[in-house]
Amino acid sequence: MLRGVNLNADGPADQMVAVRLWVCAQTIVTVRMRKVFALDDLRQSCADGTGPDSIASFLLSLSEKLMGRVQDVVFGLADRVEDIEDTHSTAQGFRPRTWAICNAKQSGCIVT
């Protein structure tokens, strides 16, 4: 089984999509519950005659496409977190860790 980011309109990206695979020497069968854009890309490249030419290259291409999409989402989230940290540290004069501790103390959370 391989997992990827949910890029479908009906669900958030933090809910992963799964691709279940049955692989033999000359055959690959994939099963999924939700649309997986990486599989659509591979299907289109096969239809265009530019798809993978072996089982190994199919699995490699699928893994790369899934991971590329995960990487895009993770980097996007990291940028958002960095922007939030910059906003709070600039606006309040605190470093991000200090700001988090102060907010936790104000809300009654115990920080160890």
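A residue counts as buried when its relative accessible area is under 20%. In this predicted model, 19% of the 112 residues of the chain count as buried. The briefing below covers the chain as a whole, then its largest cavity, then the residue L7.

**Chain**
- The chain has three helices and three strands, and their order along the sequence is β-β-β-α-α-α.
- About 8100 Å² of the chain is exposed, and 56% of that area comes from carbon and sulfur atoms.
- Among contacts with a separation of 6 or more, 38% join residues that lie 24 or more positions apart.

**Largest cavity**
- One cavity of 30 Å³ or more turns up in a search of the whole structure.
- The volume of the largest cavity is about 50 Å³.
- Its lining consists of G4, V5, L7, V17, K35, V36, F37, A38, L66 and R69.
- Seven of the lining residues are nonpolar, one is polar and two are charged.
- Two helices, α1 (37–47) and α2 (55–92), each contribute at least two residues to this lining.

**Residue L7**
- L7 sits in the loop that connects β1 (2–4) with β2 (17–23), and L7 is also one of the residues lining the largest cavity.
- The relative accessible area of L7 is 39%, so this residue is partly exposed.
- Apart from neighbours within four places in sequence, L7 makes contact with F37, R69 and V73; F37 and R69 also belong to the cavity lining.
- K35, another residue of that lining, is 28 residues from L7 along the chain, and the C-alpha atoms of the two are 8.5 Å apart.

Methods: Residues are numbered from 1 along each chain as its sequence is written. This is a predicted model: local features need pLDDT of at least 70, side-chain atom pairs count only at pLDDT 80 or more; totals for chains, interfaces and linings use all residues. Side-chain values use heavy atoms; hydrogens and water are left out. Helices (H or I, at least four residues) and strands (E, at least two) are DSSP runs, numbered from the N terminus. Buried means under 20% relative accessible area, exposed over 50%, partly exposed in between (1.4 Å probe, protein chains only). Contact means heavy atoms within 4.5 Å. Accessible areas come from the Shrake-Rupley method with a 1.4 Å probe; for residues, only the protein chains shown count as cover. On a 1 Å grid over the protein atoms alone, a cavity is a set of points where a 1.4 Å probe fits but cannot get out, and a pocket is an open set with protein on both sides within 12 Å along at least five of seven lines; lining residues have an atom within 4 Å of a point. Grid points are joined across faces, edges and corners, and a volume is the space filled by probe spheres set on the points. Ala, Val, Leu, Ile, Met, Phe, Trp, Tyr, Cys and Pro count as nonpolar, Asp, Glu, Lys and Arg as charged, and the others, Gly among them, as polar.
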